[in-house]
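I opened this model to look up a few things in turn and to keep a record of each. The entries below follow the order in which I went through them.

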Amino acid sequence: GSSLEPEEHSMELLAMPEEEMPLTAAPSPAGCQLFGYVGIEAVLDQMKIKTMKTGFEFNIMVVGQSGLGKSTMVNTLFKSKVSRKASQPGQEERIPKTVQLQSVTHVIEEKGVKMKLTVTDTPGFGDQINNENCWDPIIKYINEQYERYLREEILITRKRKIPDTRVHGCVYFVPPTGHWLRPLDLEFMRRLSKIVNVVPVIAKADTLTLEERAEFKQRIQEDLKTHAISVYPQEDFDQDPDDRALNDRIREKIPFAVVGADQEHQVNGKRVLGRKTKWGIIEVENPAHCEFPLLRDLLIRSHLQDLKDITHNVHYESYRVQRLNESNRP
């Protein structure tokens, strides 16, 4: 009788349903727990040191009519004279007959971090009586930078670090009319938003009252939605829930109502950037006066790397696929 007990016990184990069978602990999908310090987190320090040595590149384009403060805004953005000199002192600036693109490159350093900044200005855009196809030189320039990068990339022996001249962000200056967007503004953003990250801003927002500014901003948002124009940050590219929540708050405030200034004034014992008027000083970096701090945070402090990633993974990738398909056709 005792010799049959183990067999009966084993038969009972076999008869148990699968859900009651004891299972071994499977590895957690989130990763296993370490019993001591390994040093994986030091990878972040390595990346930081390498980036500080090599530096990085950022290319920005400003588009808008003459007199909207594009050069002043860029100088205010980076707190240095990085934009082009419009003209020599004492000389009048002549409006070019066609859209001309002028690029200025500087190396900016802050706390050991070097950034090669390229600012591309578009004098002559929207200044003519007939502005038909005035966006063609801008589209051609952006595609030329994609083509230059593509040629370097498909070489058999290519450089370890390909020079990046692609436009990572295009800041479009909307005139502070207080009405709806002009057909020129709509057509430009409709065409350019497909090949580059477009960030619309309301130029010289100090010429509008707070009520006019809020109403104008709402009208611009309605225009963009009606014409299916996707400006940066694009809703289609939000993957992480936290990023989506942050970008939703940004999209509610776009276009930013900005004011640029390159002169400092004394306010309550402090030197601040601002514009002096008869009724006071408009502080550029004061969120209560204008939305310039929001634009600076978007372009530099929070979304600079995201601008570069979308340019490389979306806009450049679509251009690359198109070019390679054309070359493979018989």
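Entry on helix H5. I began with H5, residues 183-192, in this predicted model, and listed its buried residues as Leu-184, Asp-185, Leu-186, Phe-188, Met-189 and Leu-192. I then looked up what these buried residues pack against, and found E1, H4, E4, strand E5 (198-202) and helix H6 (210-226).

Entry on the whole chain. I noted nine helices and nine strands in the protein, and buried residues make up 38% of its 330 residues. The accessible surface comes to about 21200 Å², with 52% of it belonging to carbon and sulfur atoms. For contacts between residues at least 6 apart in sequence, I recorded that 67% join residues at least 24 apart.

Entry on the sheet. I traced an open sheet of six strands with mixed pairing, in the order E2-E3-E1-E4-E5-E6. Its edge strands are E2 (102-110) and E6 (256-257), each of which pairs on one side only. I followed E2 to its partner E3 (residues 113-121), and the two pair in the antiparallel sense over nine bridges, with Val-104 standing opposite Val-119 in E3. Helix H4 (residues 136-153) packs on the sheet, where it touches E1 (56-63), E2 and E3, and its direction makes about 170° with that of E1.

Entry on strand E1. Is E1 largely enclosed or largely open? I counted it as largely enclosed by the rest of the structure, because seven of its eight residues are buried, that is, under 20% relative accessible area. E1 runs parallel to E3, to which seven bridges join it, and the bridge partner of Glu-57 in E3 is Lys-116. E1 also pairs with E4 in the parallel sense, over four bridges, and there I noted Gly-169 of E4 as the bridge partner of Ile-60.

Entry on the cavity. I found one cavity of 30 Å³ or more, and the volume of the largest is about 30 Å³. Its lining consists of Ile-60, Val-62, Met-73, Val-74, Leu-77, Val-171, Phe-173 and Leu-295. Which elements give two or more residues to this lining? They are E1, helix H3 (70-78) and strand E4 (169-174), and H3 gives the most, with three residues. Ile-60 therefore came up twice in my notes, as a residue of this lining and as the bridge partner of Gly-169.Entry on the pocket. I put the space in the largest pocket at about 1100 Å³. Of the 33 residues that line this pocket, I noted Phe-56, Val-113, Lys-114, Met-115 and Leu-304 as the closest to its centre. Helix H2 (42-54), E1, H3, E2, E3, helix H8 (292-302) and helix H9 (304-328) each supply at least two residues of the lining, and H9 gives the most, with six residues.

Entry on Asn-286. I ended with Asn-286, which lies in the loop between strand E9 (280-283) and H8. Is Asn-286 buried or partly exposed? I recorded this residue as partly exposed, because its relative accessible area is 22%. Its C-alpha atom is separated by 9.3 Å from that of Gly-274, and the two residues are 12 residues apart along the chain.

Terms used
Residues numbered from 1 in each chain as written. Predicted model: local features only at pLDDT ≥ 70, side-chain atom pairs only at ≥ 80, totals over all residues. Heavy atoms only, no water. Buried < 20%, exposed > 50% of the residue type's maximum accessible area, 1.4 Å probe, protein only. Contact = heavy atoms within 4.5 Å. Areas by Shrake-Rupley, 256 points an atom, 1.4 Å probe, with all protein chains shown as cover. Pairing = 2+ DSSP bridges. Axes fitted to C-alpha atoms, helices over the stretch in contact; angles between N-to-C directions. 1 Å grid on protein atoms, 1.4 Å probe; cavity = no way out; pocket = protein on both sides within 12 Å on 5 of 7 lines; lining within 4 Å. Points joined across faces, edges and corners; volume = space filled by probe spheres on them.
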